[in-house]
Amino acid sequence: MRKLQTQGVHHITLLGADRQTSIDFWEGVLGMPFIFEQPNLDDPEEGHLYFDPGDGRLITIFTNESRAPTHRRVPMVPGAVHHLALNVSQATFWQAPKRLDARGIPHSGPTDRGFMDSIYFTDPLGFLIELASYRFEPPEGCRHADVMIEAHRIRVARGDYNIDREHLADAIELLVERTQQTLSPSRAPADPY
């Protein structure tokens with residue numbers, strides 16, 4: 001047997017409300033450019049809208065003019081998607097509560113996740129959206145996933161409950177030591193004072 005190796009998320013498709021409500025939410029609230037539209041090729045009663053979430057990949061929405069906003073939470077049943085997390089900068093993250101409040105969109109407010117900050121709210125059909133903002137930038141040549149796996153290993157070795165800022169800082173230091181050269185005879189911590 002051999003794996004089917006994935007190389008990232010190609011797109012995510014969600015059931016949306018009517019066309020204009022979907023555009024107003026995905027572009028008008030979340031700022032995703034509306035880049036493409038065609039019929040849902042599997043259901044002629046639905047439209048298929050394409051949005052760029054900011055990384056060049058796609059979020060697509062099936063629309064139907066008979067689906068009006070309900071604002072009821074989508075049922076949480078086995079096999080259902082719990083939520084969609086969208087990456088935002090720290091600058092945008094800390095503006096989000098005020099900007100959601102201005103639209104009357106209820107939200108969780110900032111939630112501490114140790115390695116990131118989160119805010120939760122629902123789309124017009126009750127699907128849970130998370131704005132997620134990492135509390136760190138990976139070192140040059142590394143990815144967020146590289147930092148997370150090292151922080152996880154450090155957390156487990158220390159017996160800590162969850163990843164927090166100290167684990168991230170130590171993981172970043174470790175990755176820099178592994179990936180970046182130095183002419184110094186020692187990379188040990190020093191006190192020049």
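A crossing of two helices is right-handed if the near helix is turned clockwise from the far one by less than a right angle, and left-handed if anticlockwise. Keep that in mind for the first stop. The model on screen is predicted.

**Stop 1: the helix pair**

Select residues 144–158, helix α4, and residues 165–179, helix α5. Their axes lie 8 Å apart, and the packing angle is about 120°. That makes α4 oblique to α5, because angles over 145 degrees count as roughly antiparallel and 65 to 115 as roughly perpendicular. The crossing of α4 over α5 is right-handed.

Now show side chains at the contact. From α4, pick Asp 146, Val 147, Met 148, Glu 150, Ala 151, Ile 154, Arg 155 and Arg 158. From α5, pick Glu 166, His 167, Leu 168, Asp 170, Ala 171, Ile 172, Leu 174, Leu 175 and Arg 178. Colour them by class: 9 are nonpolar, 1 is polar and 7 are charged.

**Stop 2: Asp 170**

Stay on α5 and centre on Asp 170. Is this residue buried, exposed or partly exposed? Asp 170 is partly exposed, at 22% relative accessible area, because buried means under 20% and exposed means over 50%. Leaving out residues up to four places away in sequence, Asp 170 touches Ile 154 and Arg 158. Both of these partners belong to the α4 side of the helix contact. Next, draw a C-alpha distance from Asp 170 to Ala 151: it reads 7.3 Å, across 19 residues of sequence.

**Stop 3: Cys 142**

Step back along the chain to the loop between β8 and α4, where Cys 142 sits. Cys 142 is buried, with a relative accessibility of 13%. Which residues does Cys 142 contact, apart from neighbours within four places in sequence? The partners are Leu 175 and Thr 179. For a distance label, use Val 176: its C-alpha lies 9.0 Å from that of Cys 142, and the two are 34 residues apart in sequence.

**Stop 4: the largest core**

Move to the largest nonpolar core, which has 22 residues. Start with Trp 26, Leu 30, Leu 84, Phe 121 and Ile 129, the residues with the most contacts inside this core. Then colour the elements that give two or more residues to it: α1 (19–26), β3 (43–51), β4 (58–63), β5 (84–87), α3 (96–102), β7 (116–122) and β8 (128–134). Helix α1 supplies the largest share, 3 residues. In soluble globular proteins, nonpolar side chains tend to be buried together.

Zoom in on Phe 121. Beyond residues up to four places away in sequence, Phe 121 touches Phe 25, Leu 30, Leu 100, Ile 105, Pro 106, His 107, Phe 127, Leu 128, Ile 129 and Leu 131. Apart from the largest core lies another, of 10 residues. Among them are Val 147, Met 148, Ile 154 and Leu 175, which you have already selected at the contact of α4 with α5.

**Stop 5: Thr 63 and Asn 64**

Select Thr 63 in strand β4. Thr 63 is buried, at 4% relative accessibility. With residues up to four places away left out, Thr 63 touches Gly 16, Ala 17, Asp 18, Arg 19, Ser 22, Glu 45, Glu 46, Gly 47 and Leu 49.

Go on to Asn 64, in the loop between β4 and β5. Asn 64 also counts as buried, at 15% relative accessibility. With the same neighbours in sequence set aside, Asn 64 touches Ala 17, Asp 18, Glu 45 and Glu 46. Label the C-alpha pair Asn 64 and Gly 16: 7.4 Å in space, 48 residues in sequence.

**Stop 6: Gly 114**

Finish in the loop between β6 (111–112) and β7, at Gly 114. How exposed or buried is Gly 114? Gly 114 is buried, with a relative accessible area of 2%. Excluding residues up to four places away in sequence, Gly 114 touches Arg 135, Asn 162, Ile 163, Asp 164, Arg 165 and Leu 168. Draw the last distance to Arg 165: the C-alpha atoms are 6.5 Å apart, with the two positions 51 residues apart along the chain.

Terms used: Residues numbered from 1 in each chain as written. Predicted model: local features only at pLDDT ≥ 70, side-chain atom pairs only at ≥ 80, totals over all residues. Heavy atoms only, no water. Axes fitted to C-alpha atoms, helices over the stretch in contact; angles between N-to-C directions. Helix = DSSP H or I, 4+ residues; strand = E, 2+ residues; numbered from the N terminus. Parallel < 35°, antiparallel > 145°, perpendicular 65-115°, else oblique. Contact = heavy atoms within 4.5 Å. Nonpolar A, V, L, I, M, F, W, Y, C, P; charged D, E, K, R; others polar. Core = buried A, V, L, I, M, F, W, Y, C linked by side-chain atoms within 4.5 Å. Buried < 20%, exposed > 50% of the residue type's maximum accessible area, 1.4 Å probe, protein only.
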